[in-house]
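Colleague: Please take a close look at one strand of this model and at the way it is covered and paired. A connected account would serve me best, with some wider context for comparison.

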Amino acid sequence: MSDNDEKLAQFQSITGCDPERAQFYLESANWQIDLAMASFYEGEGDMEVGGDQVPAVAAPPAAAPPAAEPAVPAARGGGIGRINFAAAGSDSDDSDSEQQAFYAGGSSHSGNVILGPKKKKFNVGDMFKAARDSGAEAIDPSEAGAGPSGGVRAFQGGGFKLGSDTAESVQIGGGQEKRAESVHFVLKMWRDGFSLDDGELKKYDDPQNREFLASVMRGSIPPELVKEAKGGEVHVDMEDHREEEFVKLSAKAKPFQGSGNVLGSIAPSVAPPPASPTLDPAQAEKTAQQKLKLDESKPVANIQVRLADGSRLIVKLNHTHSVADLRLYINTARPQYASVQYTLLTTFPNKELTDDTPTIASAGLVGAAVLQRLK
């Protein structure tokens, strides 16, 4: 095979075009494949027809669109992953194509116009066709995003080489660093560009995206995805949205999963007084109820008091008892606080009980939680 034949085959494998079109671009670029590729994708040399024109040959009728095909994975690039895609409708669309005009000879007032093959504009269908021509195999759509074909993965662990009477068993493998997990990307091909997962739209005509698209058309994993995978196997699912405008998905709200700090603290700066070792809490609470003459036949309010030492005290008082009676109950049930000064605060709403005259009902303490804070 001659050097030109190799360039012709390489040009066809990358672009997926027919031999006549490939030869035309290569001959126009003097068989320099880089210039021919640039002319193929960018339509360099396109210009309006002027002067003495040669009638254009009628374009052949467009072929009927093939039936929809199942999702297939493109050939793996470098053994580091695979590309899956679902073909929908025709692989090519000539509606955006037009024949290219080139001038040959003549002067500023005359010349010949040579009509070459139709100008090739970027076509999403060509990407699917080029990937399939690179050796794709059929795959069920339900397997999109899975690992290697059939979901079977090679064993990556370790084992033991069984010993004998003269040799001990030897461990083989398993001690190496754990391999990076595979990474899955979704490549969505829109009308004017493409997007990765739910990212921003990247234009087809942006020179920065040329290498990415060329890699996909060759059936290989784009280098930027390989880098992002950090050593893991890369799987790319291509979705065909060529008839749709790009739509940015709204970010889903996620519950807060971080950590935080509680503002303030019920722990006082002054250490709480120690309780008497001989104190019987249950008996002391019963004494407090008797001292305040709790009447069980009348409405009873249960007030939860969190004491300065962190313990809790359930105070039972009638609705007609006052805030002062609440303090007396605490001092009787926990005598260690009778000789210290403290304040009582409610939680919802957060306020300090500075007036001892209101009743339990009027102060809103029925079923309330109260904090004790030492002064």
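Modeller: The account below begins with the conventions and the overall picture, turns to the strand, and then adds several other sites.

The model is predicted, so that local features need pLDDT of at least 70 and side-chain atom pairs count only at pLDDT 80 or more, while totals for chains, interfaces and linings use all residues. Residues are numbered from 1 along each chain as its sequence is written, and side-chain values use heavy atoms, with hydrogens and water left out.

The protein has 8 helices and 15 strands; these are DSSP runs numbered from the N terminus, with helices (H or I) of at least four residues and strands (E) of at least two. Of its 375 residues, 33% count as buried, where buried means under 20% relative accessible area, exposed over 50% and partly exposed in between, with a 1.4 Å probe and protein chains only. The protein exposes about 22900 Å², and carbon and sulfur atoms supply 52% of that area; the areas come from the Shrake-Rupley method with a 1.4 Å probe, and for residues only the protein chains shown count as cover. Among contacts (heavy atoms within 4.5 Å) between residues at least 6 apart in sequence, 62% join residues at least 24 apart.

The strand in question is E13, residues 342-346, and 5 of its 5 residues are buried. In a regular strand the side chains alternate between the two faces of the sheet. In E13 both faces are covered, with Tyr342, Leu344 and Thr346 buried on one side and Thr343 and Leu345 buried on the other.

E13 has two partners to describe, and strands pair if DSSP finds at least two bridges between them. With strand E15 (residues 369-374), E13 pairs in the antiparallel sense over 5 bridges. With strand E14 (residues 351-352), E13 is also antiparallel, through 2 bridges, and a hairpin of 4 residues connects E13 to E14. Thr346 has a counterpart in each partner: Val370 stands opposite Thr346 in E15, and Lys351 stands opposite Thr346 in E14.

Elsewhere, Ser322 lies in the loop between strand E12 (312-318) and helix H8 (323-333). Ser322 counts as buried because its relative accessibility is 15%. Leaving aside residues up to four places away in sequence, Ser322 touches Asp356, Thr357, Pro358, Thr359 and Ile360.

Another loop, between helix H6 (223-229) and strand E10 (234-240), holds Glu233. Glu233 is partly exposed because its relative accessibility is 22%. Its C-alpha atom is separated by 6.9 Å from that of Glu181, 52 residues away along the chain.

For a helical contact, consider helix H1 (residues 3-15) and helix H3 (residues 33-42), whose axes come within 11 Å and cross at roughly 35°. Axes are lines fitted to C-alpha atoms, for helices over the stretch in contact, and angles run from 0 to 180 degrees between N-to-C directions. Lys7, Gln10, Phe11, Ile14 and Thr15 of H1 meet Ile33, Ala36, Met37, Phe40 and Tyr41 of H3. The residues of this contact divide into 7 nonpolar, 2 polar and 1 charged; Ala, Val, Leu, Ile, Met, Phe, Trp, Tyr, Cys and Pro count as nonpolar, Asp, Glu, Lys and Arg as charged, and the others, Gly among them, as polar.
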